[in-house]
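Open the model in your viewer and keep the selection tool at hand. We will go from the whole chain to single residues, one stop at a time.

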Amino acid sequence: MPDVDGQLFIRFLNNDAQDALEVLFEKYRDGLILFLYGFVQNADVAEELMMDTFAILASGTARYKENKDASFKTWLFAVAKNQALLYLRKRKVKFVSSANDFLNNIEADASFHPVGMLLKNETDSQVYRAMKSIDADYRNALFLLYFENMKPEQISRIIKKSIKQTYNILARGKEALRIAYERMNNSHLAGEG
């Protein structure tokens, strides 16, 4: 099955579809911001990095080739991840800070940032709160699986792990998330009683 988004991007590069980048921007903007936030822990920086990612796409400096093993979405998220890592290297910031920092600022920023608006769904918000207590590798892999609907093969390319390692990370992450989510709900119920 052809990768429609990849073909759309190629048409943009060939000047066959000037609005193609705008379509891709609208489709992937919010997911990229959330993904990048997991790296940089700052909504403003995550939004800037998302814009930088699309600037790279607009300039045509990132090389994309249709590939039956990797979709445009996988390639796009890998480009965004590289932007985040470059940002972190320039600022000598740790890859992802302690698990407790994941969403501490996002809830306060909910009404002012696109990231906060994405968390309006209460269920997603609860899952995000549970995710902040699990390991960063688990959190990033689960985000790609659940919120970006990527397959383990795509995730393995982004996190640069083998398929077996990716499956292990996902399995351990699911278990850690289940425990954290149950713990969160049990403490919430205890507080009501």
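The tour below starts with the whole chain and then moves through its core, a helix pair and some single residues.

**Before you start**

This is a predicted model, in which local features need pLDDT of at least 70 and side-chain atom pairs count only at pLDDT 80 or more, while totals for chains, interfaces and linings use all residues. Residues are numbered from 1 along each chain as its sequence is written, and side-chain values use heavy atoms, with hydrogens and water left out.

**Stop 1: the whole chain**

Show the protein chain as a cartoon and colour it by secondary structure. You should find 9 helices and 0 strands; from the N terminus on, the order reads α-α-α-α-α-α-α-α-α. Helices here are DSSP runs of H or I with at least four residues, strands are runs of E with at least two, and both are numbered from the N terminus.

Now switch on the surface. The protein chain exposes about 10800 Å², and carbon and sulfur atoms supply 51% of that area (Shrake-Rupley method, 1.4 Å probe; for residues, only the protein chains shown count as cover). Of the 193 residues, 44% are buried. Buried means under 20% relative accessible area, exposed means over 50%, and partly exposed lies in between, with a 1.4 Å probe and protein chains only.

How far apart in sequence are the residues that contacts join? Among contacts between residues at least 6 apart in sequence, 65% join residues at least 24 apart. A contact means heavy atoms within 4.5 Å.

**Stop 2: the nonpolar core**

Select F9, F54 and F72. In the largest nonpolar core, which has 54 residues, these three touch the most other members. Such a core is a set of buried Ala, Val, Leu, Ile, Met, Phe, Trp, Tyr and Cys residues joined through side-chain atoms within 4.5 Å. Helices that each supply at least two residues to this core include α1 (4–13), α3 (43–59), α6 (122–131), α8 (152–159) and α9 (163–192). Which helix gives the most? That is α2, with 13 residues.

Stay on F9 and show what surrounds it. Leaving aside neighbours within four places in sequence, F9 is in contact with L21, L24, L57, Y64, F72 and W75.

**Stop 3: α2 against α7**

Select residues 20–40 (α2) and 136–147 (α7). Their axes are 10 Å apart and the helices pack at an angle of about 170°, which makes α2 roughly antiparallel to α7. The axes are lines fitted to C-alpha atoms over the stretch in contact, and angles run from 0 to 180 degrees between N-to-C directions. Angles under 35 degrees count as roughly parallel, over 145 as roughly antiparallel, 65 to 115 as roughly perpendicular and the rest as oblique.

Show side chains at the contact: G31, L34, F35, G38 and F39 of α2 meet N140, F143 and L144 of α7. These residues divide into 5 nonpolar, 3 polar and no charged. Ala, Val, Leu, Ile, Met, Phe, Trp, Tyr, Cys and Pro count as nonpolar, Asp, Glu, Lys and Arg as charged, and the others, Gly among them, as polar.

**Stop 4: more of α7**

Select R139, which is found in α7. Buried or exposed? R139 is buried, with a relative accessible area of 1%. Add L170: the two are 31 residues apart in sequence and 9.0 Å apart in space, C-alpha to C-alpha.

Next, pick Y138, also in α7. Y138 is partly exposed at 21% relative accessible area. Not counting residues up to four places away in sequence, Y138 touches I169, R172, G173 and A176.

**Stop 5: α4**

Move to Q83 in α4 (residues 72–91). Q83 counts as buried at 16% relative accessibility. Beyond its neighbours within four places in sequence, Q83 is in contact with L49, D52, T53 and I56. A78 is found in α4 too; A78 and T53 are 25 residues apart in sequence and 9.9 Å apart in space, C-alpha to C-alpha.

**Stop 6: two loop residues**

Finish with Q41, in the loop between α2 and α3. Its phi is near 60°, a positive value in a residue other than glycine, and Q41 counts as buried at 13% relative accessibility.

Then go to N149, in the loop between α7 and α8. Phi of N149 is near 55°, again positive in a residue other than glycine. N149 is exposed, with a relative accessible area of 62%.
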